[in-house]
Amino acid sequence: MPGFVDEAQLHVKAGNGGAGSVSFRREAHVSKGGPDGGDGGPGGDVILEASTQVVSLLSFEDHPHRRAGDGTHGTSKRRHGRRGASLVVPVPEGTRVHSLDGDLLADLVVHG
């Protein structure tokens, strides 16, 4: 088992947004109550954060897939869904992030 990995491929996916709700008001003394469905919550974000606590990309060798949380569905009475949980992925300082095409996306030099 290697103790130090300086290059790794990471597959990340932001969370899916929640579905909205189709709902109509039905009350005793309200004629034609109208729609009252809520929007779904947005999905969570994936954030790469440079950290002094991480010294290698070894954790990405065994688990290269990371995914943020999904948003929840909207409900009646115009209640919106909850936002999905964001995922913070710690990487060593000095990590360079490239796209599949080889374009430099980020250079994480400083902590945070």
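**Close-up views of the predicted model**

**View 1. Thr95 and what it touches.** Setting aside residues up to four places away in sequence, Thr95 touches Ala106, Asp107 and Leu108. Keep in mind for this view and the others that the model is predicted. Thr95 belongs to strand S5, which covers residues 95-98, while strand S6 takes in 104-108. Is Thr95 buried or exposed? Its relative accessibility is 14%, so Thr95 goes down as buried, given that the cut-off for buried is under 20%. There's a polar detail to pick out as well: the Thr95 side chain reaches the backbone oxygen of Pro92 at 2.5 Å.

**View 2. The whole chain, for orientation.** Let's step back for a moment. The protein has 1 helix and 6 strands, and from the N terminus on they come in the order β-β-α-β-β-β-β. With a radius of gyration of 21 Å, well over the 13 Å that the globule rule gives for 112 residues, the protein is more spread out than a compact globule. Taken along the principal axes, the box filled by its C-alpha atoms is roughly 70 × 30 × 25 Å. Buried residues come to 22% of the 112 in the protein. Of the contacts with a separation of 6 or more, 69% join residues 24 or more positions apart. About 8,100 Å² of the protein is exposed, with 52% of that supplied by carbon and sulfur atoms. As for charge, count 12 positive and 14 negative side chains, with the centres of the two sets 21 Å apart.

**View 3. Leu57, in the loop between S2 and H1.** Strand S2 (46-51) sits on one side of this loop in the sequence and helix H1 (59-62) on the other. Which residues does Leu57 touch, once those up to four places away in sequence are left out? They are Val5, Asp6, Glu7, Ala8, Val91 and Pro92. Leu57 has a relative accessibility of 10%, so it counts as buried. Pro92, which also turned up in View 1 as the owner of the oxygen reached by Thr95, is 35 residues from Leu57 along the chain, yet their C-alpha atoms are separated by 7.4 Å.

**View 4. Ala19, in the loop between S1 and S2.** Strand S1 covers 11-13, and Ala19 is found in the loop that runs between it and S2. Beyond residues up to four places away in sequence, Ala19 touches Gly40, His73 and Gly74. Ala19 has a relative accessible area of 39%, so it is partly exposed. Gly41 is also worth finding here: 22 residues along the chain from Ala19, with 7.7 Å between the two C-alpha atoms.

**View 5. Ser23, in the loop that also holds Ala19.** Ser23 lies between S1 and S2 too. Its relative accessibility is 17%, so Ser23 counts as buried. Neighbours within four places in sequence aside, Ser23 makes contact with Gly34, Pro35, Asp36, Gly37 and Ser76. Now look for Pro90: 67 residues from Ser23 along the chain, with C-alpha atoms 42 Å apart.

**View 6. Lys77 and Arg78, two residues with positive phi.** Where in the chain should you look? Lys77 is in the loop between strand S3 (65-67) and strand S4 (87-92), and Arg78 is in the loop between S3 and S4 as well. Neither is a glycine, but phi is near 60° for Lys77 and about 55° for Arg78. At 63% relative accessibility, Lys77 counts as exposed. Arg78, with a relative accessible area of 58%, is exposed too. The cut-off for exposed is over 50%.

**View 7. His111, in the segment after S6.** Apart from neighbours within four places in sequence, His111 is in contact with Ala50, Ser51, Thr52 and Glu93. Which backbone oxygen does the His111 side chain reach? It's the one on Ala50, at 3.5 Å. There's a backbone nitrogen to find, too: that of Thr52 lies 3.4 Å from a polar atom of the His111 side chain. Finally, look across to Gly34, one of the residues in contact with Ser23 in View 5. Gly34 and His111 are 77 residues apart in sequence, with 52 Å from C-alpha to C-alpha.

Methods:
Residues numbered from 1 in each chain as written. Predicted model: local features only at pLDDT ≥ 70, side-chain atom pairs only at ≥ 80, totals over all residues. Heavy atoms only, no water. Helix = DSSP H or I, 4+ residues; strand = E, 2+ residues; numbered from the N terminus. Rg over C-alpha atoms; globule rule 2.2 N^0.38 Å. Buried < 20%, exposed > 50% of the residue type's maximum accessible area, 1.4 Å probe, protein only. Contact = heavy atoms within 4.5 Å. Areas by Shrake-Rupley, 256 points an atom, 1.4 Å probe, with all protein chains shown as cover. Lys, Arg positive; Asp, Glu negative; His and termini not counted. Charge placed at Lys NZ, Arg CZ, Asp CG, Glu CD. Polar contact = N/O pair within 3.5 Å; in protein donor to acceptor, adjacent residues only side chain to side chain.
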